[in-house]
Every structure is written in structure tokens, then in C-alpha cells.
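Here are my notes on the model you sent over. Have it open beside you while you read.

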Amino acid sequence: MTQTPLQDSANSSPASAVTFPDAASTSSLTPPVAKKVPHARTHHGDTFVDSYEWLREKESAEVVEHLKAENAYQEAVTAHQEPLREAIFQEIKGRTQETDLSVPNRKDGWWYFSRSAEGKEYGIQCRVRARDTGNPVADWTPPAVQAGVEIPGEEVLLDGNVEAEGKPFFSVGGSAVTVDGNLYAYAVDNAGDERFTLHIKDLRTSELLPDVIENVFYGVSFSPDGTRIFYTVVDDSWRPYQVKSHVLGTPVTDDEVIYQEDDVAMWLGFELSSDRRHLVLGIGCSEYSETRLLRFDDPTAALTTVISRDERVLYEAEPFLLEGPDGEKSERIIITHNRNAVNSMVSLVDPAELSKPLAEQHWSTVVEHSDDVRVNGAGVTSTHLIVSVRKDTIERVQVMGLSGLGTAAQEPPVEPAFDEELYTAGVGGSDYEAPVIRLGYTSYFTPSRVYDFVLPTAAQPAGELLLRKESPVLGGYSAADYVATREWAAAADGTRIPLSVLRHKSIKQDSTAAGLVYGYGSYELSMDPGFGIARLSLLDRGVVFVIAHIRGGGELGRHWYEDGKKLTKKNTFTDFVAATDWLADSGWVEPSRIAAMGGSAGGLLMGAVANLAPEKYAAVVAQVPFVDPLTSILDPELPLSALEWEEWGNPITDAEVYAYMNSYSPYENVREVAYPKIAAVTSFNDTRVLYVEPAKWVQELRNKTTGTEPIVMKIEMEGGHGGASGRYVQWRERAWDYAFIADSLGAVELLPGAGLR
């Protein structure tokens, strides 16, 4: 957390003024007051006067002083929470094995893994050479690597602690290694604005190549021959719009633009196909997409389009070689798509079909459409198809052999079996030639596990799950101390909203506990079950933690998402209130002791429900909150704005969308009512949700509230959308959020027998 001297923040800036009495009471503290500079915004005959738009001037000394004053006020108001913050931080630290390592992952002739060390903020990327004995499963069994113990032949690729030294921020936005293992590329952000500098290291000499590329976006890949590196560039509105190729040893100014996407509402990305024969470009929005392929074996080849965006199909495509009954391999493309399939399905197509009009093409069904199963994606190894699906809100993995794929002889899918009802299982990595795939597994109270799943064979038709690691949790943690259940809230329109309800086992159903409702509900993202060490500190203080799987997310298929976007977006907000009502009526909590928390688009949710039902919450924590969405989306020059039209609608061209957004946008709808305690947590360098949104919102809340509860803004002056970098700093940020909630709910003491042991 940025520490700002009180006297520095309270100097005589005309923008802000803040005083700090000696008394412990916060009621006499005066919050910063930003000056009002009326700015009229007129669209579709409606004029909104925004008095705080001037706070957008990031380079203004007056704005910076105001933000410092906000931090100083927040620090004064919450100073009494510091012992609780420190206690939660120590609990997080005490449960975390600080000197640890990841399970090695094989790529070509090396095992790659990362180490962490006690007292160090960042991970250390390492590798050790692999051996080939001729036994496929043995060759893909990770070496025994011990935490804190270097093994013979171990090489350090990148020590984040060395790289971050003297820097205000450090984050890696992508890395890649050549097939021969000689060159290592990594992209670094030292500001938090998610604009990276790409470096290339010769691992034979540990020397950096002179090739340095500035302002790249996430993701880098070498060509299979190692002579080129591919990267993405963003435009002025922070939209990835170019994929470029750099030939090693040549001037960066000569880099070739492989493809440029000029539609401001489309996102661009790339990856190598699983067999590394193609560069696969993905262009799309949330409603339709386009895939373009570039062959590596033909230097003269041009990009080819799988399905034109004009067909308005949302899909992903993976080219590969499929062996036929005659033993010959031929080019095929696996397509995961929503063509006549709202929940998506998987089809197999001969590339020759793509030259025909779409309606005349022949596609073979591999995974048929289901109203109950959402197909998320599919990929291939040299022997198997791997499919990610979501059923009954839970993400699952299925595999089937490539033999007979898309025909009557197709093999039935095999799904690794797990014991728990509420869990998350996903592919954590796979190599085209490997006999195993790497799976990640977690649940609310099972720490993350890494499995290798041995792919099914005739001799072993069910495959085999091999547990490689379960992340250790220290401090006497026992999953048996906690309970997770699936409950259902009823929305006003009768829709059943799934809830995940987490609590300490000692909590009694006597309507006395405190509660926290967490939600997101946008972009078809699902709030999947996952273990969180920090969350235990709230549960141990008697807080019942409810995750509301509201519409706008993806938990119950594509319809669940579509019923919470654009002109149905308000379902997201009312679903969250319904979840809150369920908790208030559940018998677990005292209704006056409920808080709400959400971040980014979930921060918009927080602003909306604070306006809708402020009386239902004792406190609201809005993390990097998108609380001024109409202003942002009305300006396509702002970062990511045009890309948001497929999520919220386009209020520039559509008067109905404008009116609908205007009716729920948190900033425009602050009203004269008693608001609860509110904390807006943000970062100065956030590119996704600009700091100005919570800065304006907080001012308007203070103007309108008829209550006396403090409304504060905590701003990390050197962080990005994810906050500050460094694990200890991030633990302290989470401790700040949870201490604010626990203090607001009167849940500061540990339950008997709970806590570190």
C-alpha cells in the first residue's frame, strides 16, 4: 500500500482539503472535496452535467494532489483497522509455503518450472534437461524437484526479483522458448499499464540479444525454426490490432505486420497450432469471430480464413493432421462453434469445404449440441481430442481418441473422475506428442492440485489420473473445518440463481453471523470453485461467504450470459440483490451484518446494487470499479471502449441502449439516500478501468448521501488493474479489503479454535 505523509496530502491544493483531528472517531474527519467544473455531455437529446470530468487529467498536479488527499483520508478513516490488517496478512503469510515450486512441465527437451523463495516477492523461472528412455509415460513423468533445493543441471531463465530491483512495478506478460531450447523471450511491464517490453535471452551464454521491442501486448511466440518472433501491438485505445513478426537480428522498424484488424469493435490475438504447423489468428468479439491461418511450411503462403465474420458465427478453429483408415494423414480442422448451437458444439471439417458457401459445406459432428452442456473449447494432441465443457455449473474435461473422429466409429468421451460436488478441473497444459495432459484441479476447500492424466489406450480405456502435487497449506489448515454447499436464490422473475455458500463449520444457524456476498456477472465469465488462503481469514471470523452465480456470467450456459447483457443487464443487479435476500432470510446471518464485494465489471455491479438497495448492506467494497460506464463507452477513443459495445450495447448509435445504460450507470444514478460504508479500491495506472471512474463516483456519493458512514477511495499509485505487483504487497492489499469488511461487520475476532495453529 502506498504510504502518503499526512502533511503532504493536506497542503494547500485548490482541488482538495483534508484535516486530521487527534480523536479516534472518524465522524469528525473531513474528506477531500474536489472542485466542480461543469462539463456537459449530450447524447440523444439527453444532457448530463458532469462536475468531475476534470479529474481525468492524469498529468495534472492538481489531480495527483487530490488523489494523494484521498489516500490520506482513507488512511486516517481506516487507521484503527491496521492491527486487523496486519493479523490477516500474517494469517495469509502463515498459511503459505513461501519457499515452493511448481510442478515441472515438459516442452520439447526440457522440464520448465518456477520457484518461490521466502522473503522474495517474485517467482524464479527455471528448467532442467529432460531424458528420453523410450518409455513414453516415464519420459513424461516430472523430475523430483524439491523446494529450496537446486538440482544438478538446473538453469535459471528469469529471476523476477533481480529483474524487479529498483522498479516500481514488475509483471511478465508472456514468455517463449525456441524449439531447440536456445533462446528465451520474455515481456516485462514496469509501470502497471500492461504495455510490455520484449527481451530475448540467449540461454547458452545468458546474454541478452540486442533485439528489444517496446510496447507489445500479452503473448509472444517463436516460429518453429526459431528465426522469427511473433507479438501483438495495441492501438491508442489499448485494443490489440496488429500481429507483427520480428526477424532476429534485424531492426525492429523493419518488423512485418502479419495482420492488422481495423474494426474497432474486434479483438485480435494469436497462438501456434498444437502441432506448430500454423500461426492461428483469432479475431472477434463476444458474439462472432473469425480465424485466419498462416502455414509455416510455405514461405509464400497467404493468410486463409476459416469462416468469415460476415457469417456471424462465434467459433475457434484448430488445424491438425488426422490419420485415416488407410494410415495416410490429411489436413482437418476442429471447429468449436455456435452455428445452430447456442451452447456450442464441435465439428470436423475438411479445409477443401471452406471454399464453398457456408450453407453448402459438409461438417461432421464430433460433440453434438446440448441445452444442458456448454462446450467451451477443443484442442488436439497427436492421438486425442480434448474438450472443455461446463455441466451443472461445473467445468469438466473430456477426451476421446482421434481414431474414427466424426464418424460412426468415433470413440466415446472419457472424463477424469473427481470426488467432490463443487470443483473446477481444467487443462493446465498439453504437448502435442505427449501421452499425458496436465490438469489443474481445485475446490473451495481443496488447495490447487496438479494431475497428469494418462490418455486412454486400448490397454487402459479409462486413462489414469496421477496426482503430481497438492499445494501445501500451513498453519494447521484442515478442510474439515469448513463447509461448502450449493443453494439457490429466487429472482423476482422466478429464475433460480445458484449460490455457493461457504462457512466455518462452527457457525450456527441462529441468525447472528456476519455475511459477505461476492459477484461478477459479465462477459460470460464463471465464478468457478477455487481455493483461496486469504478467504479463510474471513471464514475464521464467522463471516458466511456467498458467491452469487448471477446472470451475465457463464455458469449455466450461453443463455445465462445473454440474459444478463445489453438490454437485460439489470438482471445481473437484481439477481445479486436476490442472493442478498436469500442470505438475509437463510437463518445464518443477522440481516444488518451483510457486506458486498466485486471488482472491475463486478465493481459496476457494486455501484448498481448500492443505488438499488443501499439499506441491505453494511459495507460495499468495489475493486477497480467500472462505475462510469456510459461516459467510457460513449468515447471510443478511451481504452477498450469500442470493444465493450458487444457486452453493453452501443449507446452512441442506439438511443434505447443509451437510455437503458443511463438508467443503471452507478455514477449517473447516485441518489439522496443513506449509503453504507463504501470503499473504492483502484490503481493509478489501470488501463482497463481508469482511476477517474471511482474518483468521480466517490465525490458524487459524498455529495448525495444522507447518512454518516464514511466513503473512501484507496488508490495504488504504482499499480495496474490487478493492483500492485509482488506477492507480499498483494497479500497486504487483500488484507486491507478483508479488514475493511470484517471491521464493518463487527467480525474482527477469530472464532474459538479458528485461525493459525
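The points below go through the two sheets, the empty spaces and two single residues.

1. Ground rules. This is a predicted model, where local features need pLDDT of at least 70, side-chain atom pairs count only at pLDDT 80 or more, and totals for chains, interfaces and linings use all residues. Residues are numbered from 1 along each chain as its sequence is written, and side-chain values use heavy atoms, with hydrogens and water left out.

2. The 8-strand sheet. This one is open, its order is 32-33-35-34-36-37-38-39, and the pairing is mixed. (Strands are DSSP runs of E, at least two residues, and helices are runs of H or I, at least four, numbered from the N terminus; two strands pair if DSSP finds at least two bridges between them.) At the edges you find strand 32 (482-490) and strand 39 (711-716), each pairing on one side only. From one strand to the next the twist averages 20°; angles run from 0 to 180 degrees between N-to-C directions, with axes fitted to C-alpha atoms, for helices over the stretch in contact.

3. Inside that sheet. Strand 34 (residues 513-518) and strand 35 (residues 543-548) run parallel and are joined by 5 bridges. If you want one to look at, A514 has V543 in strand 35 as its bridge partner. Helix 13 (residues 692-704) packs on the sheet and touches strand 37 (619-623), strand 38 (677-683) and strand 39, its direction making about 165° with that of strand 39. Contact here means heavy atoms within 4.5 Å.

4. The 4-strand sheet. Here the order is 21-22-23-24, again in an open sheet, with antiparallel pairing. Strand 21 and strand 24 (364-367) each have a single partner strand, so one side of each has no neighbour in the sheet. Direction ignored, neighbouring strands are turned by 30° against each other on average. Strand 22 and strand 23 share 5 bridges, and I333 has V349 in strand 23 as its bridge partner.

5. The largest pocket. What supplies its lining? Strand 21 (315-323), strand 22 (329-337) and strand 23 (345-349) each give at least two residues. There are 25 lining residues, with L322, E323, G324, L402 and G404 nearest the centre, and the space comes to about 490 Å³. By type, the lining has 8 nonpolar, 9 polar and 8 charged residues. (On a 1 Å grid over the protein atoms alone, a pocket is an open set of points with protein on both sides within 12 Å along at least five of seven lines, a cavity is a set where a 1.4 Å probe fits but cannot get out, and lining residues have an atom within 4 Å of a point.)

6. Cavities. The structure holds 2 cavities of 30 Å³ or more. The second largest has a volume of about 50 Å³. Of its 13 lining residues, R95, D481, Y482, G755 and R757 lie nearest the centre.

7. D743 and E646. D743 sits in helix 14 (residues 727-744) and counts as partly exposed because its relative accessibility is 21%. (Buried means under 20% relative accessible area, exposed over 50%, partly exposed in between, with a 1.4 Å probe and protein chains only.) Leaving aside neighbours within four places in sequence, D743 is in contact with H80, Q81, L84, K677 and V748. E646, in helix 11 (residues 645-648), counts as buried at 13%. Beyond four places in sequence, its contacts include C285, Y288, Y561 and K565.

Technical notes. Points joined across faces, edges and corners; volume = space filled by probe spheres on them. Nonpolar A, V, L, I, M, F, W, Y, C, P; charged D, E, K, R; others polar.
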